[in-house]
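Subject: A structure for you to look through

Dear colleague,

Here is the structure I promised to pass on to you. Please open it beside this message, and then read on for what was found in it.

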Amino acid sequence: MYSQALDERDPRRDPAPADAADASRVLRFDERVAAEEKIEPNDWMPSAYRKTLVRQISQHAHSEIIGMQPEGNWITRAPSLRRKAVLLAKVQDEAGHGLYLYAAAETLGVTREELVDQLLDGRAKYSSIFNYPTLTWADIGAIGWLVDGAAIMNQIPLCRCSYGPYARAMVRICKEESFHQRQGFEIMLTLSRGTEAQKAMAQDALDRWWWPALMMFGPHDSDSTHSEQSMAWKIKRFSNDELRQKFVDVTVPQAEFLGLRVPDDELRYDETTGHYVFGEPDWSEFAAVLRGEGPCNAQRLAHRRRAHDDGAWVREAAEAYAAKRAATTVDHGQTHGTRQRVAQGSP
Ligand SMILES: [Fe+2]
Ligand SMILES: [Fe+2]
């Protein structure tokens, strides 16, 4: 049902383009977007706008859910009770983000089941960064600092996205991401002020996560398929390259504060522009990870499928409970209705 809604024209919402009524609806939609009005689930919207949002929001949801795995890997090995409690809270937040985002996607007329199926059978993408392994405790610091840091850079502008439910979900998510970024930086700070071995561990984590973090912003603007239209629709507010530059500008001084070296020989501050100049990520690696050839792609999906199968009994129990409640509500409704009629003296 969902695929049809995406690929074929829904005559109720989206008649043939030649239709004059449709042209005026497109015009009205464009005016509303230009006026910074939020588009809500029951409003008319072009099918391509709907399709873009379903793709983007569901990919975002999948990333939150798959992103729990590399960090979940360290919950049992966190170095103290405090670190364990904080990491547990962070990973739970990511599950919550996934749920808000699936719910936001569902307002566009797609079912949760369809979205989950797309993830499990490999049709849907999620952020490539989660296909890298977490080898040491410092990786948990580097992920919070760099990966959540890059996510914030991407997501703050999404709080102003033209689609209301997505924008509102992002407000809360960004507050939590900010906590994630700080907890990561604090881990890196503790390690970088620690023993030589701890400092080396922090440096090694930065060396491995720096380039994948830069790739999180996606390909260059010139190679980005969806960017221009998304900017026109005010789904996206800044281009991939602009966001990557902002991230580098904010993060390099943080690395200096930590006393760590960003693994980029071309990195330098340009006094005239006030921005850092930086090297080129290895885009062939990016493409390979996207194709499913990253170090952990297969493992991440296999784990997700197993977790989904293991959770089948929860879904069945929830459905049985919902059916039971619905039946009880109907009974109560009838009883209540009958009582009211009796009280009013009607038959
Ligand atoms: Fe998140
Ligand atoms: Fe996060």
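Does Arg244 count as buried or exposed? Please keep in mind while you look that this is a predicted model, and that what follows was computed from it. Arg244, whose place is in helix H11, has a relative accessibility of 2%, and because the cut-off for a buried residue is under 20%, Arg244 counts as buried. If neighbours within four places in sequence are left aside, the residues in contact with Arg244 are Leu214, Met215, Phe217, Gly218, Pro219, His220, Phe278 and Trp283.

Next, please turn to the metal sites. The iron ion (ligand 1) has as its protein donors Glu64 (OE), Glu94 (OE), His97 (ND1) and Glu177 (OE), which lie 2.0 to 2.2 Å from it. Along the chain, these donors follow the spacing E-x29-E-x2-H-x79-E. Why is the arrangement called irregular? The four donor atoms subtend angles of 84 to 142° around the iron ion (ligand 1), whereas a tetrahedral site would need all angles to lie between 85 and 135 degrees.

Two of these donors, Glu94 and His97, both lie in helix H5, where they are three residues apart, about one turn of the helix. In general, an α-helix has 3.6 residues a turn, so residues three or four places apart point the same way. Both donors are also shielded by the rest of the protein in the sense used above: Glu94 counts as buried at 5% relative accessibility, and His97 counts as buried at 0%.

The iron ion (ligand 2) is coordinated by Glu94 (OE), Asp148 (OD), Glu177 (OE) and His180 (ND1), at 1.9 to 2.2 Å, and the spacing of its donors along the chain is E-x53-D-x28-E-x2-H. This site is irregular too, with angles of 89 to 159° among its four donor atoms. Glu94 bridges the iron ion (ligand 2) and the iron ion (ligand 1), which lie 3.3 Å apart. Distant parts of the chain are linked by the pair of Glu94 in helix H5 and Glu177 in helix H8, which are 83 residues apart. Glu177 is buried, with a relative accessible area of 2%.

Finally, please look at the pockets. The largest pocket has a volume of about 1200 Å³, and of the 48 residues that line it, Gln59, Asn154, Met216, Phe217 and Gly218 are the closest to its centre. Among the helices that each supply at least two residues of this lining are H5 (81-106), H8 (164-192) and H11 (240-258). By type, the lining of the largest pocket divides into 21 nonpolar, 16 polar and eleven charged residues.

The second largest pocket holds about 510 Å³ of space and is lined by 18 residues, of which Arg112, Val116, Arg304, His308 and Arg315 lie nearest its centre. Which helix gives the most to the lining of the second largest pocket? That helix is H6, with six residues, and the buried residues of H6 are Glu114, Leu115, Val116, Gln118, Leu119 and Leu120. Just after H6, Gly122 takes a positive phi of about 85°. The lining of the second largest pocket divides into ten nonpolar, two polar and six charged residues.

With best wishes

Terms used:
Residues are numbered from 1 along each chain as its sequence is written. Chains are lettered from A and ligands numbered from 1 in the order in which they are written. This is a predicted model: local features need pLDDT of at least 70, side-chain atom pairs count only at pLDDT 80 or more; totals for chains, interfaces and linings use all residues. Side-chain values use heavy atoms; hydrogens and water are left out. On a 1 Å grid over the protein atoms alone, a cavity is a set of points where a 1.4 Å probe fits but cannot get out, and a pocket is an open set with protein on both sides within 12 Å along at least five of seven lines; lining residues have an atom within 4 Å of a point. Grid points are joined across faces, edges and corners, and a volume is the space filled by probe spheres set on the points. Helices (H or I, at least four residues) and strands (E, at least two) are DSSP runs, numbered from the N terminus. Ala, Val, Leu, Ile, Met, Phe, Trp, Tyr, Cys and Pro count as nonpolar, Asp, Glu, Lys and Arg as charged, and the others, Gly among them, as polar. Donors are N, O and S atoms within 2.8 Å of the metal (3.2 Å for Na, K and Ca); water is not among the atoms, so sites may look incomplete. Four donors count as tetrahedral if all angles lie between 85 and 135 degrees; four count as square planar and six as octahedral if opposite donors are over 155 degrees apart and all others between 65 and 115; anything else is irregular. Buried means under 20% relative accessible area, exposed over 50%, partly exposed in between (1.4 Å probe, protein chains only). Contact means heavy atoms within 4.5 Å.
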